[in-house]
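Here's a quick tour of a protein model with a ligand in it. We'll go through the charged pairs, then the domains, then the ligand site.

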Amino acid sequence: MATIFSGIQPSAQAPHIGNYIGALKQWVELQEGNDALYCVVDLHALTVPQDPKKLQESIDQTYALLLAIGLDPEKSTVFVQSQVPAHAQLGWVLQTISTMGELSRMTQFKDKSAKFKDSIPSGLFTYPTLMAADIVLYDTQIVPVGEDQIQHVELARNLAQRFNNRFGDTFVVPNVQIKKEGARIMSLADPTKKMSKSDENKHAAVFLNDPLDVIQEKLSRAVTDSQTEITFDPERKGLYNLLSIYKILTGKSEVEIEQDMKGKGYKEFKQEVAHQVITLVEPIQTRMQELLSDRTALHDSMKRSAEKAASRAQKKLEEVYSKIGL
Ligand code: TYM
């Protein structure tokens, strides 16, 4: 049994199939037989401007989605970050032992800050120290994420080690866990870019709450190439991305898929992929609506989980405060 921690940002836009395949699918698998904590990281969402009303709704939606995909609050602790104050408190402590140099090297900061020109929010810069706090608060051993978070988990490891060296053994040094396949699902509109929530091209990502006809349309327009044969070739980026999605959702082998697709065209193949995505999301959407129709029950569940997480987090925070002389 291992201690698992991972998080997802709430946003007005629901998670996309990249988030699902790269991270959320693993979360559901890992809740069996492990001590797993999964967090809606609302404090992280503040690193870019938010509308308060919309943010509140996004938090509910994301929490409901996590339950709808199969996370069970009886098996794992699914909670909202801001409801456990120790995250922000430890985040500050870890920020004080991090350096400008190491934070400047974060590629996600470079990407996300580019669009702000001169007035880059400083939270965007320091955010990986809060993420490190999320992880080390619970003596986390394994952090299941998509490829774009590897560098942040690496930073969490460095900060945990640095703290341990300066103040004595306190934190478990976490390990990242990446799926061999699906850790980087690419944009459907431009398969050289990763699928991203903030992509301006509305055909780039399939969101878990997209209407079913929209899913079909987005997949039918997915960029492929001018060849005809459907084979796994990483050089044919658009097709390869669709094949990877299909492979993960069906659990079939590459040989089996290539066999099945012999003689079929892109149109038929894309319809098959859409069918698999719809089979995945339809029950999730139904369950999510049920959960969102009873906000009292939803908020009660959030509160119970936050209490569970907070009692663990508080102990670790007290140990940290005492070690650093507070
Ligand atoms: P976030 O909300 O951007 O993404 C949630 C998860 O989805 C993965 N992901 C992808 N996987 C495959 N293909 C893609 N195109 C793709 N896009 C996103 C991400 O890698 C992530 O696992 N900083 C984190 C949230 C966080 C966290 C943590 C994660 C906060 N504290 C502690 C782990 C541990 C983030 O913004 O993820």
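Let's start with charge pairing: this structure, which is a predicted model, holds 21 salt bridges. As a reminder, side chains of opposite charge can pair when their charged atoms come close. One of the pairs here is E29 with K179, whose side chains meet at 3.2 Å, N to O. That pair ties together distant parts of the chain: E29 sits in helix α1, while K179 is in the loop between β5 (175-177) and α9 (212-220), and their positions lie 150 residues apart in the numbering.

Now for the overall layout. The chain splits into two domains, with domain 1 made of two segments, 3-182 and 295-324, and domain 2 covering 212-288. Taken over C-alpha atoms, the domain centres are 31 Å apart.

So how many residues of each domain are in contact with the other? Domain 1 brings 11 residues to the contact and domain 2 brings 10. Between them, about 1000 Å² is buried, and carbon and sulfur atoms give 81% of that area.

On the charged side of things, the interface has one salt bridge. A salt bridge also joins the side chains of E181 and K247, at 2.6 Å, N to O. Since E181 falls within the 3-182 segment of domain 1 and K247 within 212-288 of domain 2, this pair spans the two domains. The count of residue pairs in polar contact between the domains is one as well. On the domain 1 side of the interface, α1 (17-30) and α3 (52-68) each supply at least two residues. By class, that side has seven nonpolar, two polar and two charged residues.

Over to the ligand, then. It is surrounded by 26 residues, and the closest are Y127, D134, G146, D148 and I185. Some of its polar distances are listed below.

| Residue | Protein atom | Ligand atom | Distance |
|---|---|---|---|
| Q9 | side-chain N or O | oxygen | 2.9 Å |
| I185 | polar backbone atom | nitrogen | 2.8 Å |
| M195 | backbone N or O | nitrogen | 3.0 Å |

Note that I185 turns up twice: among the closest residues to the ligand, and in the table through a polar backbone atom. Q9, by contrast, reaches the ligand with its side chain.

Definitions and conventions: Residues numbered from 1 in each chain as written. Predicted model: local features only at pLDDT ≥ 70, side-chain atom pairs only at ≥ 80, totals over all residues. Heavy atoms only, no water. Domains from an automatic or database assignment. Contact = heavy atoms within 4.5 Å. Buried area = accessible area lost by both parts, 1.4 Å probe. Salt bridge = Lys/Arg side-chain N within 4 Å of Asp/Glu carboxyl O. Polar contact = N/O pair within 3.5 Å; in protein donor to acceptor, adjacent residues only side chain to side chain. Helix = DSSP H or I, 4+ residues; strand = E, 2+ residues; numbered from the N terminus. Nonpolar A, V, L, I, M, F, W, Y, C, P; charged D, E, K, R; others polar. Near = heavy atom within 4 Å.
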